[in-house]
Amino acid sequence: MFVFGHVGLTIGAAYGSRLAASRWTKRRIGQAIDYRVIVVGSMLPDLIDKPLGLWIAPDLVDGSLRSIGHTLIFAIALLIAGAAFWRAERGAGVALFAASSAGHVVLDLTWRTESILLWPFLGWEFGAKYPSPSQWASQHLFDALRFFTDYPELAGFLVIVAFSTRVVYTKNVRRFLLRGIMT
Ligand SMILES: [Zn+2]
């Protein structure tokens, strides 16, 4: 999955969860959700692993473009940190960030590559080879231009358009940029 799918489906899931929780508790909750945190969290594994595999330390991660950020151990460590911050009443920001990052690992279907998901328990190699940076970039540019043929990407794109339209239409652009509040 690429950017539209990750970002759109994650903010859609966060918005849907907030609505469901509000109905369940019959209270309006979640005003404090910072959607900027969700946007960055939804891309965190790629923001770590793509530069690592392409430029920073390709030898260290066996040239894999999915490595440390896509592992279960990384997701669990972040979730534990998020829970600790929440319990200490220091806000839900870290927990939302962690959940969004864990959602990325799920949307990438990372369980299909056990050597990455369960690293380092099955060995220190990530075991997934990728093309050279230039091949990868041209392939992804091609894929990005055809995003509408991939239903999850298209769905994510439509969610982003709907949310952006809502932010602009309700004159909340400044509020969103400064505080991440969507509605
Ligand atoms: Zn990824």
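Let me start at the zinc ion, whose site is irregular, with angles of 89 to 172° among its 4 donor atoms; four donors would count as tetrahedral if all angles lay between 85 and 135 degrees, or as square planar if opposite donors were over 155 degrees apart and all others between 65 and 115, and anything else is irregular. Please keep in mind that this is a predicted model, in which local features need pLDDT of at least 70, side-chain atom pairs count only at pLDDT 80 or more, and totals for chains, interfaces and linings use all residues. Residues are numbered from 1 along each chain as its sequence is written, and side-chain values use heavy atoms, with hydrogens and water left out.

Which residues coordinate the zinc ion? They are D46 (OD), H70 (NE2), H104 (NE2) and D108 (OD), at 2.0 to 2.3 Å, where donors are N, O and S atoms within 2.8 Å of the metal (3.2 Å for Na, K and Ca), and sites may look incomplete because water is not among the atoms. Along the chain the donors follow the spacing D-x23-H-x33-H-x3-D. Distant parts of the chain are linked by the pair H70, in the loop between α2 and α3 (72–87), and D108, in the loop between α4 and α5 (114–117), which lie 38 residues apart; helices here are DSSP runs (H or I, at least four residues) numbered from the N terminus.

Turning to the packing around α4, helix α2 (residues 35–56) meets helix α4 (residues 93–107) at an angle of about 45°, with their axes 7 Å apart; axes are lines fitted to C-alpha atoms over the stretch in contact, and angles run from 0 to 180 degrees between N-to-C directions. That makes α2 oblique to α4, since angles under 35 degrees count as roughly parallel, over 145 as roughly antiparallel, 65 to 115 as roughly perpendicular and the rest as oblique. The contact (heavy atoms within 4.5 Å) includes the zinc ligands D46 of α2 and H104 of α4.

Helix α1 (residues 3–25) packs on α4 at about 125°, with the axes 10 Å apart, which makes α1 oblique to α4. G5, H6, L9 and T10 of α1 touch S100, H104 and L107 of α4, so that H104 appears in this contact as well as among the zinc donors.

How are α3 and α4 oriented to each other? Their axes come within 7 Å and cross at roughly 160°, and the two helices are therefore roughly antiparallel.

Note on methods. Four donors count as tetrahedral if all angles lie between 85 and 135 degrees; four count as square planar and six as octahedral if opposite donors are over 155 degrees apart and all others between 65 and 115; anything else is irregular.
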